[in-house]
Amino acid sequence: MPRILLHVCCGPCSLMPVVHLRDEGFEPTAFFFNPNIHPADEWKKRRDAMREVSEKLGVPLLEEGGPENPGLWVRALHGVTREGERCALCYRPRMERTAALAAEQGFDAFTSSLLYSRYQHHETIIAEAQRAAALAGARFLYRDFRPWWWDGINLSKELGIYRQKWCGCILSMKEALLQQKEAEERKAALKAEKAARLAQEAEERRKRHEAFAAKKARKLARRKEGSPA
Ligand code: SF4
């Protein structure tokens, strides 16, 4: 059975790659190596989630390194901080180390759970994996795991695997927090708009009732004035 070193970025994204590699007759070994996850607590949560997947799916897991200093990472970008553009430099060390380990340990090929995510830059991952394969003299096994996106989400929920809220780096964390803040502000503005509309409708109803009561009172008064003493 061909042995595949599967680079894994987190628990949820590793599920479908493990399942489908096995379906194809491969024997995957997971490899958690993700120095660019911030903060350190988050890195630990993802590493622990991967350990849980390893146990639940019975897939061997190799681990290496830890979280690196996010300031050094940002400095190394030399101003190329835009999402997408910066990602190649984040995939690169992960693919290089995975390819090197695959060659060192005699795996038949390597691949990555990054190829499962709809949010990652698929073509850039392929280019970085091919580059790393050529450097290390390893074989890259390309698979597009994205069609199983929803199956992976459902299975991760079913197994109770920790699901992260941002991609990983400090910049993606700030972007996610900003998006969350904007979404909360939009929600609060909609709520305030609805409350103002309801208050206005209530005020209009009150005025209509008042006008109606005044009209009724005038009618009664006229009737009284017209009735015989
Ligand atoms: S957004 Fe994700 S892939 Fe891109 S640099 Fe940050 S952690 Fe890496």
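In this predicted model, the ligand is surrounded by N36, E83, R86, C87, C90, C167, G168, C169, L171 and S172. By residue class, this shell consists of 5 nonpolar, 3 polar and 2 charged residues.

The interior was examined next. The largest nonpolar core contains 44 residues. Within this core, I4, L5, L6, V8, A99 and F110 have the most contacts. Two strands, β1 (3-8) and β2 (27-32), each give two or more residues to the core, as do the helices α1 (11-23), α2 (40-57), α4 (88-104) and α5 (122-136). The largest share comes from α4, with 6 residues. The surroundings of I4 show how such a core residue is placed: leaving aside residues up to four places away in sequence, I4 touches L21, F26, E27, P28, F107, D108, A109, F110, T111 and L141. F110, one of these partners, is itself listed with I4 among the core residues with the most contacts.

Helix α2, a contributor to the core, was considered in detail. The helix has 18 residues, and the distance from its first C-alpha to its last is 26 Å, close to the 26 Å expected at 1.5 Å a residue. Its buried residues are W43, R46, R47, A49, M50, V53 and S54. These residues lie on the same side of α2 because they cover an arc of only 155° around the axis. D41 and E55, on the other side of the helix, are exposed. The cover over the buried residues of α2 includes β1, α1, β2 and β3 (61-63). Thus β1, α1 and β2 appear both in this cover and in the list of elements that give two or more residues to the core.

The backbone on either side of α2 was also inspected. The loop between β2 and α2 holds P39, and the peptide bond from H38 to P39 is cis, with omega near -5°. After α2 comes G58, which has a positive phi, near 65°.

Most residues other than glycine have a negative phi, and most peptide bonds are trans. Against this background, H78 is notable, as its phi is positive, about 50°, although H78 is not a glycine. This residue lies in the loop between α3 (70-76) and α4. H78 counts as exposed because it has 8 C-beta neighbours inside 10 Å, and a residue with 12 or fewer is classed as exposed.

Conventions. Residues are numbered from 1 along each chain as its sequence is written. This is a predicted model: local features need pLDDT of at least 70, side-chain atom pairs count only at pLDDT 80 or more; totals for chains, interfaces and linings use all residues. A residue is near a molecule or strand if its C-beta atom, placed from the backbone, lies within 6 Å of it. Ala, Val, Leu, Ile, Met, Phe, Trp, Tyr, Cys and Pro count as nonpolar, Asp, Glu, Lys and Arg as charged, and the others, Gly among them, as polar. A nonpolar core is a set of buried Ala, Val, Leu, Ile, Met, Phe, Trp, Tyr and Cys residues joined through C-beta atoms within 7 Å. A residue is buried if 20 or more other C-beta atoms lie within 10 Å of its own, exposed if 12 or fewer, and partly exposed in between; C-beta atoms are placed from the backbone. Helices (H or I, at least four residues) and strands (E, at least two) are DSSP runs, numbered from the N terminus. Two residues are in contact if their C-beta atoms, placed from the backbone, lie within 7 Å. The expected span of a helix is 1.5 Å times one less than its number of residues. The arc is that of the directions from the helix axis to the C-beta atoms.
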